[in-house]
Amino acid sequence: MFESLSDRLGGVFDRLRGRGALTEADVRGAMREVRVALLEADVALPVARDFVEKVTEAAVGQNVLRSVTPGQQVVKIVNDALVEMLGSDASELELGVTPPAVIMMVGLQGSGKTTTTAKIAKRLSAGQGGRERKKVLMASLDVNRPNAQEQLAVLGTQADVQTLPIVTGQQPVDIARRAMQAAKLQGFDVLMLDTAGRLHVDQALMDEMRAVADVAQPTEILLVVDSLTGQDAVNVAKNFSDQVTLTGVVLTRMDGDARGGAALSMRAVTGKPIKFAGMGEKLDALEAFHPARVAGRILGMGDVVGLVERAAEAVQQDEAEAMAAKLAKGQFDLNDLRAQLAQMRRMGGLGALAGMIPGMAKAKAAMAGGGMDERILLRMDAMITSMTQKERTKPEMINAKRKIRIAKGSGTTVQDVNKLLKMHLEMSTAMKKIRKMGGLKGMAAMFGKGGLGGALGGLGGGVGGGGLPNLGGGGGSGLPGLGGGQAKLPPGFENLLNKKK
């Protein structure tokens with residue numbers, strides 16, 4: 001997300017940072033470029049104008065222009081202003097009420113409301129985001145769209161969240177009453193109401209929203225809008241907030257929004273915080289919206305905390321403990337490498353991770369172009385799958401004849417197999433160095449309860465410049481090079497990335 005805006009702003013600030021001293025004219029010229037970049041990103045005109053005026057006023061102050069690093073100071077001012085525009089602090093769901101806490105989902109038809117309902121329900125029931133697990137009930141109040149209630153029931157099965165049984169012919173207000181009664185009698189902590197949408201805002205829709213709200217008395221009314229609609233998303237949000245007491249906004253399809261105008265305008269125009277961002281179609285593809293982290297991504301500063309949190313959710317505890325035991329003996333075979341590749345795919349692939357690592361924006365563009373990062377991981381997994389169990393355990397036994405068989409079985413070439421084996425050898429050597437350096441006690445902090453201290457250490461360059469040993473905080477192996485300061489990929493990945501389609 002925000003790729004185009006990030007690229008434009010990156011160019012502006014690179015020029016500022018490249019100068020030893022700045023004049024007021026330099027700053028004002030840069031801010032004009034920032035304003036154009038915001039408008040091209042589909043940010044609302046009043047929001048862009050106010051933002052640039054505020055930043056310019058702060059940036060032309062003598063303390064900035066006479067500082068040792070004026071370019072860096074201007075970037076910091078822009079970063080702080082972006083955080084303020086986006087809402088300053090992350091806004092959590094308000095669930096501290098007498099159960100059940102009612103979350104009412106509203107929005108236009110096609111905005112992703114039903115899927116988002118299931119995503120939030122799964123997040124709450126699984127205890128994601130540092131929350132304790134909640135007992136969640138979902139109920140569909142959409143009697144207009146064909147099979148809308150059945151769709152939520154199917155999603156409930158996939159997310160392992162209970163849904164209210166469907167009673168044909170009931171109206172939304174009656175369904176809401178039945179859902180409230182069921183939630184109270186069965187001891188549910190949270191009740192999620194998926195209301196009906198329309199193709200556009202009309203009075204009948206608003207009347208229905210208010211009638212349901214009067215019955216359910218929701219603690220949260222979340223508006224779901226499609227970020228790809230840009231200014232239309234902001235206008236829809238404003239119309240809803242004028243009619244219904246919204247408590248927050250959920251932006252869907254943020255992973256496909258290269259401009260980001262809806263996100264940047266939403267808080268300023270509506271006064272409502274963005275609480276979640278939908279980052280894909282899968283039920284776990286939902287992120288809490290943290291303004292400071294989003295501002296960091298826009299300005300190419302990465303999102304280290306988000307990376308670590310994503311790793312914590314992706315790591316499989318049993319895999320982590322098994323790999324820790326093997327590493328204690330200095331072992332790291334191709335099964336371990338495959339486990340690490342699978343972990344990276346669960347975390348969103350190379351492109352998604354690179355966007356969260358400081359200084360990796362250009363590498364991300366190279367990797368994510370045309371889905372190349374996902375193809376690399378899949379290709380490597382295919383090669384390892386084509387090996388016998390014995391070959392995976394003892395890669396040194398793979399001779400020329402075996403390489404030909406592996407290449408044919410995985411649809412790759414012998415050269416690809418050689419690159420994979422070389423990459424594994426480099427990683428295995430790095431693990432042995434860690435062991436010789438007496439680093440296993442430190443690495444143990446990455447396993448189990450210790451969490452991800454080692455992952456953060458790896459972001460600064462890792463062991464011997466290897467970078468990011470173990471993104472998941474569990475396996476201890478990781479992919480050397482991803483965090484190594486100069487945004488370089490490991491040799492094996494660079495070679496595979498450059499391979500023709």
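Which residue of strand 7 does Val250 stand opposite? The exercises below lead from this pairing to the rest of the structure.

The model is predicted, so local features need pLDDT of at least 70 and side-chain atom pairs count only at pLDDT 80 or more, while totals for chains, interfaces and linings use all residues. Residues are numbered from 1 along each chain as its sequence is written, and side-chain values use heavy atoms, with hydrogens and water left out.

**Exercise 1. Find the bridge partners of Phe276 and describe the setting of strand 7.**

Step 1. Val250 stands opposite Phe276 in strand 7, where strands are DSSP runs of E with at least two residues, helices are runs of H or I with at least four, and both are numbered from the N terminus.

Step 2. Strand 6 (residues 248–252) pairs with strand 7 in the parallel sense over three bridges; two strands pair if DSSP finds at least two bridges between them.

Step 3. On turning to strand 8, we find that Ala288 is the bridge partner of Phe276, and that strand 7 and strand 8 (residues 286–288) run antiparallel, joined by three bridges.

Step 4. Five of the five residues of strand 7 (residues 274–278) are buried, so this strand is largely enclosed by the rest of the structure. Buried means under 20% relative accessible area, exposed means over 50%, and partly exposed lies in between, with a 1.4 Å probe and protein chains only.

**Exercise 2. Place these strands in the open sheet and examine the pairing of strand 1 with strand 4.**

Step 1. The open sheet has eight strands in the order 3-2-4-1-5-6-7-8, and its pairing is mixed. Its edge strands, each of which pairs on one side only, are strand 3 (162–163) and strand 8.

Step 2. Strand 1 (residues 101–106) and strand 4 (residues 190–194) run parallel and are joined by five bridges, and within strand 4 the bridge partner of Met104 is Leu193.

**Exercise 3. Describe how helix 10 packs against helix 9 and against helix 11.**

Step 1. Two packed helices are described by the angle between their axes and the distance between the axes. Axes are lines fitted to C-alpha atoms, for helices over the stretch in contact, and angles run from 0 to 180 degrees between N-to-C directions.

Step 2. Helix 9 (residues 203–216) and helix 10 (residues 231–243) pack at about 50°, with their axes 10 Å apart. The two helices are therefore oblique to each other, given that angles under 35 degrees count as roughly parallel, over 145 as roughly antiparallel, 65 to 115 as roughly perpendicular and the rest as oblique.

Step 3. The axes of helix 10 and helix 11 (residues 261–270) come within 9 Å and cross at roughly 25°, and these helices are therefore roughly parallel to each other.

**Exercise 4. Locate the nonpolar cores and the contacts of Phe51.**

Step 1. A nonpolar core is a set of buried Ala, Val, Leu, Ile, Met, Phe, Trp, Tyr and Cys residues joined through side-chain atoms within 4.5 Å. The largest has 79 residues, and those with the most contacts inside it are Phe13 and Phe51. Helix 5 (residues 70–86) gives the most to this core, with nine residues.

Step 2. Leaving aside neighbours within four places in sequence, Phe51 is in contact (heavy atoms within 4.5 Å) with Val34, Leu38, Val78, Ala81, Leu82 and Met85.

Step 3. A second, separate core has 23 residues, including Ala101, Ala121, Val136 and Leu283.
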